[in-house]
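Me: Before I use this structure, I would like to go through the terms applied to it and hear the reasoning behind each one. Could you show it and take my questions in turn?

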Amino acid sequence: MSDDSSRRNPKPNKSLGRRIIISVITLLVILAATIGFMGYRYFQDALKPLNPRDTNVTQVHIPLGASNKQIGSILQNKKIVKSGMVFDYYVKSNNMANFRAGYYQLKPSMSLKGIAKHLQQGGTDQPIQSTKGKVLVREGANIDQIAAQVAISTDFSKNDFIKLMKDQTYISQLAKRYPNLLKSAMKAKNVRYRLEGYLYPATYEVEKNTSLKSLVNQMVAKTSQMVTPHLSKIKKSGMNMQQFMTLSSLIEREGVNQTDRRKMAGVLLNRIDINMPLQSDVAVLYAIHRNNKVLTNKDLQSNSPYNLYKYTGFGPGPFDSPSISSMSAVLHPMDRSKDYLYFVANTKTRKVYYSKTYAEHQEQIAKHTSDNN
């Protein structure tokens, strides 16, 4: 009688193996179906507006020559569409093309079709404001700081503002409109921004559909309005407008009250007369692209032409936007006949001390070191 157990044992093993294979295949099918379903749902969801309730406007810049794929990526990064890839697929599958470069006012509540139609119609060649706002240009603010404030208060970005500050065609147009104001600025060498110092500190209303150029035009026009009554006196001073605005910008950041501003102006003008470096910390901070910093000996050795510790004269141009008070101080300096060449302020009492010699200046510094540390 033969033993059948050896023939019966493999059957359970084969049956178990089949069950495992079937289970794995089933799981893979379910997983694939789930992924496919989720992908389909994601795709269908991405075809809809990102947020139907969000009607806030976002300014989007589409650069010249951008592909559909690049445009989709820009829209996704700006949170206008859910998926740049789906946008690319949508416009291709619907034969939508000929998208134009420019600035667009788009909303997350817009459909892909609506967005695509806007892109076909074309945007503006410069940024515009979509909602009413106000921009405060503070006294003593430089262009980089103004750009940051514009970005906070309007739909314009900091990069948009800085780009306009470097637009030589636009600046040349302004110079033709305001020759008395900008003629010397246009001739200046090694300037960082030709409009530095000429964006007057004030609050500016930015209406809907106001362009960035229009906003800057207001700032320059305000400076022209404040300066024009003093043109003859500026001319008599022997300074050109760029030099006058440069000293005014230094006084803006150095001065505490109007009397001290006038005395400080006298010190700076006395230094100019004897070809002595102005040695302004304000100038060095601008040279090294900083607004607040304890200066080191290395900072004072900066090769920037704005470093008025290292170089004599006025330097390339203004360091910030001065107020009419600082301009007036430069036009009406005090105590020039006392031959002061130095000043130091006590930061605690805010009193300023003036000296004729370096030795006297060092004595004043020593007296007030404890208050200034």
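Reply: A nonpolar core is a set of buried Ala, Val, Leu, Ile, Met, Phe, Trp, Tyr and Cys residues joined through side-chain atoms within 4.5 Å. In this model, which is predicted, the largest such core has 66 residues, and the members that touch the most others are F161 and L199. The core draws at least three residues from each of domain 2 (134-228) and domain 3 (232-370).

Me: Which residues does L199 touch, once those up to four places away in sequence are not counted?

Reply: L199 touches V137, I143, I146, F161, M165, V216, M219, V220, T223 and S321. A second core, separate from the one just described, has 19 residues, and V81, V86, Y90 and L112 are among them. As background, nonpolar side chains tend to be buried together in soluble globular proteins.

Me: What is the secondary structure and the share of buried residues in the protein as a whole?

Reply: The protein has 17 helices and six strands, and of its 373 residues 40% are buried. Among contacts with a separation of 6 or more, 65% are between residues 24 or more positions apart.

Me: Why is α4 called roughly perpendicular to α5?

Reply: Helix α4 (residues 84-93) and helix α5 (residues 112-121) pack at an angle of about 70°, and their axes are 11 Å apart. Angles of 65 to 115 degrees count as roughly perpendicular, and therefore α4 is described as roughly perpendicular to α5. The residues that meet are V86, F87, Y90 and V91 on the α4 side, and L112, K113, I115, A116 and L119 on the α5 side. Sorted by class, this contact of α4 with α5 has eight nonpolar residues, one charged residue and no polar ones.

Me: How do you know whether A147 is buried or exposed?

Reply: The residue A147, which is placed in helix α6 (residues 143-153), has a relative accessible area of 0%. Buried means under 20%, so A147 is buried. Leaving aside neighbours within four places in sequence, A147 is in contact with K158, F161 and I162. The C-alpha atoms of A147 and I162 are 6.6 Å apart in space, while the two residues are 15 residues apart in sequence.

Me: What makes the phi values of N275 and R350 worth a remark?

Reply: Most residues other than glycine have a negative phi. N275 is not a glycine and yet has a positive phi of about 60°, and R350, likewise a residue other than glycine, has a positive phi near 65°. The place of N275 is the loop between α13 (258-273) and α14 (281-287), whereas R350 is in the loop between β5 (342-345) and β6 (352-355).

Me: Why is N275 called exposed, and why is R350 called exposed?

Reply: Exposed means over 50% relative accessible area. The relative accessibility of N275 is 53%, so N275 counts as exposed, and because R350 has a value of 53%, R350 counts as exposed.

Me: Why does K351 count as partly exposed?

Reply: K351, in the loop between β5 and β6, has a relative accessibility of 47%. That value is neither under 20% nor over 50%, so K351 counts as partly exposed. With neighbours within four places in sequence left aside, K351 is in contact with V344, A345 and N346. The C-alpha atoms of K351 and V256 are separated by 8.3 Å, although the two residues are 95 residues apart along the chain.

Me: And what makes Q362 partly exposed?

Reply: Q362, in helix α17 (residues 358-372), has a relative accessibility of 35%. Partly exposed covers the range between the buried and exposed limits of 20% and 50%, and therefore Q362 counts as partly exposed. Between Q362 and Y342 the C-alpha to C-alpha distance is 9.6 Å, and they are 20 residues apart in sequence.

Terms used. Residues numbered from 1 in each chain as written. Predicted model: local features only at pLDDT ≥ 70, side-chain atom pairs only at ≥ 80, totals over all residues. Heavy atoms only, no water. Axes fitted to C-alpha atoms, helices over the stretch in contact; angles between N-to-C directions. Helix = DSSP H or I, 4+ residues; strand = E, 2+ residues; numbered from the N terminus. Parallel < 35°, antiparallel > 145°, perpendicular 65-115°, else oblique. Contact = heavy atoms within 4.5 Å. Nonpolar A, V, L, I, M, F, W, Y, C, P; charged D, E, K, R; others polar. Buried < 20%, exposed > 50% of the residue type's maximum accessible area, 1.4 Å probe, protein only. Domains from an automatic or database assignment.
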